[in-house]
Amino acid sequence: MAGLVVSQHRRTCGDVESPVTVTSQEDIILTVNAIAATSATEPLVRSTVERRDVGPHDVLIEIRYAGICHSDIHTVRGEWGEVPYPLTVGHEIVGRVAEVGGDATLHAVGDRVGVGCMVNSCRECENCRAGQEQYCLKGNTQTYAGVDRDGTVTQGGYSTHVVVDQDFVLRVPDAIPYEAAAPLLCAGVTTYSPLTHWNAGPGKKVAVVGMGGLGHMAVKIAAALGAEVTVLSQTLGKKDDGLAFGAEHYHATGDPATFEALKNSFDLIVNTVSAPIDMACYLGLLRLDGTLVSVGAPPEPLPVPVFALFGNRRSFAGSNIGGIAETQEMLDFCAERGIAPQVEVIDADAVNEAYERVLGSDVRYRFVIDIDTLRG
Ligand SMILES: [Zn+2]
Ligand SMILES: [Zn+2]
């Protein structure tokens with residue numbers, strides 16, 4: 001509906017700081033400041049995006065911070081398929097509620113809230129009914145580059161405002177600073193979900209492969225759950241950080257002796273690396289009934305030697321973000337345990353430089369855009 005209205009009904013709220021009030025019943029499009037990709041090869045530029053009118057079940061969020069996820073870069077560069085340019089990415093979104101629809105009761109104006117990787121799902125399939133909306137059998141609606149229920153292409157969080165159905169809006173506890181909360185919406189739940197599903201906890205030995213945005217959160221969460229955590233990173237360059245985040249052991253995967261020394265050791269290995277790994281080597285690290293779960297996604301298929309699965313009755317699995325209830329549980333858990341990502345806050349105009357640094361693994365450990373620098 002909102003996508004069809006004429007321009008005189010638009011309003012601009014890129015510089016709005018206070019709650020927005022809508023009195024008209026007409027459809028109104030919000031035109032808000034954003035950063036957009038215009039092609040796979042051009043740098044991101046300042047732009048605007050249009051947000052639909054706040055529907056009865058919607059929440060208008062004034063965005064304060066947006067995290068930069070590696071998926072954003074893969075997407076804008078066309079590495080994960082065709083892209084509906086111009087596109088605004090960003091699925092680690094936090095801010096405060098600026099307006100709620102007439103039938104929206106879950107959030108109030110002024111609340112601290114967040115939005116992660118999805119903004120809708122069918123709500124009827126067995127997976128949705130089980131609270132696993134991320135595995136919606138009809139496909140969940142991605143926060144950007146997805147097609148929402150009104151037929152419009154979704155635009156992500158590198159912008160000043162977003163309109164989202166209240167059921168896909170999370171409560172951000174007061175104990176978590178806004179900027180640190182942002183990466184929890186993707187990196188946090190992406191690691192929390194497999195760690196809890198495969199029962200990381202006291203008495204369990206968990207290895208985390210990779211010490212980037214996802215990996216550092218996996219270490220913090222696994223340690224908070226009570227597991228004995230080992231980091232497997234290419235080098236020992238981030239060892240001090242890993243131990244400070246809660247790991248008890250830290251090994252370099254660049255050293256072949258690591259795989260010999262740690263054979264048959266782990267109940268669970270969480271692989272956060274998007275590059276191909278030697279599956280025989282990593283599966284060999286699992287003890288009886290151990291599982292290697294991948295949350296990193298290499299572009300090419302991985303050859304899995306089945307004989308490596310036979311030994312110790314091992315499993316190889318994948319996991320994709322988390323459900324809405326689970327994401328809320330993760331936020332509450334992090335608030336209670338005082339866990340937060342380590343972030344580097346940047347201005348909106350530094351996004352392109354930040355992308356290059358992410359690709360060079362030169363960030364400790366997540367870039368977060370200060371969206372106030374997009375206003376005005
Ligand atoms: Zn992400
Ligand atoms: Zn569904």
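Helices in these legends are DSSP runs of H or I with at least four residues, and they are numbered from the N terminus. The structure shown is a predicted model.

**View 1. A nonpolar patch on the surface involves helix α9.** Helix α9 spans residues 306–310, and V306 lies in it. Together with F307 and F310, V306 makes a nonpolar surface patch of about 380 Å². The relative accessibility of V306 is 45%, so this residue counts as partly exposed.

**View 2. Three protein residues serve as donors of the zinc ion (ligand 1).** The donor atoms are SG of C69, NE2 of H91 and SG of C186, and they lie 2.0 to 2.2 Å from the zinc ion. Along the sequence, the donor residues follow the spacing C-x21-H-x94-C. C69 belongs to the loop between β4 (58–67) and α1 (70–76), whereas H91 belongs to the loop between α1 and β5 (93–100); the pair therefore ties together parts that are 22 residues apart in sequence. Both C69 and H91 are buried.

**View 3. Helix α4 is largely enclosed by the rest of the structure.** Helix α4 comprises residues 187–197, and nine of its 11 residues are buried, which means that the rest of the structure largely encloses it. The buried residues are A187, G188, V189, T190, T191, Y192, S193, P194 and L195. Their cover includes the strands β11 (205–209), β14, β15 (286–294) and β18 (366–370), together with the helices α5 (213–224) and α10 (324–337).

**View 4. H197 in helix α4 and N199 just after the helix are shown together.** H197 lies in helix α4. With a relative accessibility of 55%, H197 counts as exposed, whereas residues such as Y192 and L195 of the helix are buried. The C-alpha atom of H197 is separated by 25 Å from that of A175, a residue 22 places away along the chain. Just after α4, N199 adopts a positive phi of about 60°.

**View 5. D267 of strand β14 makes a polar contact with the backbone of K205.** D267 is placed in strand β14. Its relative accessible area is 19%; because buried means under 20%, D267 counts as buried. A polar atom of the D267 side chain lies 2.8 Å from the backbone nitrogen of K205. Leaving aside residues up to four places away in sequence, D267 touches G203, K204 and K205, as well as L286, R287, G290 and T291.

**View 6. T272 occupies the loop that follows strand β14.** This loop runs between β14 (266–271) and α8 (279–283). T272 is buried, with a relative accessible area of 10%. The side chain of T272 reaches the backbone oxygen of V209 at 2.6 Å. When residues up to four places away in sequence are not counted, the residues touched by T272 are V208, V209, G210, L214, G215, V295 and G296.

**View 7. Two cis peptide bonds are shown, one ending at P86 and one at Y365.** Y85 and P86 are joined by a cis peptide bond with omega of about -5°. P86 is situated in the loop between α1 and β5. The peptide bond from R364 to Y365 is also cis, with omega near -5°. Y365 is located in the loop between α11 (351–359) and β18.

**View 8. D289 and S361 have positive phi values although neither is a glycine.** For D289, phi is about 65°. D289 is part of strand β15 and is partly exposed, with a relative accessible area of 40%. For S361, phi is about 55°. S361 is found in the loop between α11 and β18, the loop in which Y365 is also placed. At 55% relative accessibility, S361 counts as exposed.

How values were computed
Residues are numbered from 1 along each chain as its sequence is written. Chains are lettered from A and ligands numbered from 1 in the order in which they are written. This is a predicted model: local features need pLDDT of at least 70, side-chain atom pairs count only at pLDDT 80 or more; totals for chains, interfaces and linings use all residues. Side-chain values use heavy atoms; hydrogens and water are left out. Helices (H or I, at least four residues) and strands (E, at least two) are DSSP runs, numbered from the N terminus. Buried means under 20% relative accessible area, exposed over 50%, partly exposed in between (1.4 Å probe, protein chains only). A polar contact is a pair of N or O atoms within 3.5 Å; within protein, one must be able to donate a hydrogen and the other to accept it, and residues adjacent in sequence count only if both atoms are side-chain atoms. Contact means heavy atoms within 4.5 Å. Patches are made of residues with over 30% relative accessible area and no salt bridge: like charges are joined within 9 Å, nonpolar side chains (Val, Leu, Ile, Met, Phe, Trp, Tyr) within 5 Å. Accessible areas come from the Shrake-Rupley method with a 1.4 Å probe; for residues, only the protein chains shown count as cover. A salt bridge is a side-chain nitrogen of Lys or Arg within 4 Å of a carboxyl oxygen of Asp or Glu. Donors are N, O and S atoms within 2.8 Å of the metal (3.2 Å for Na, K and Ca); water is not among the atoms, so sites may look incomplete.
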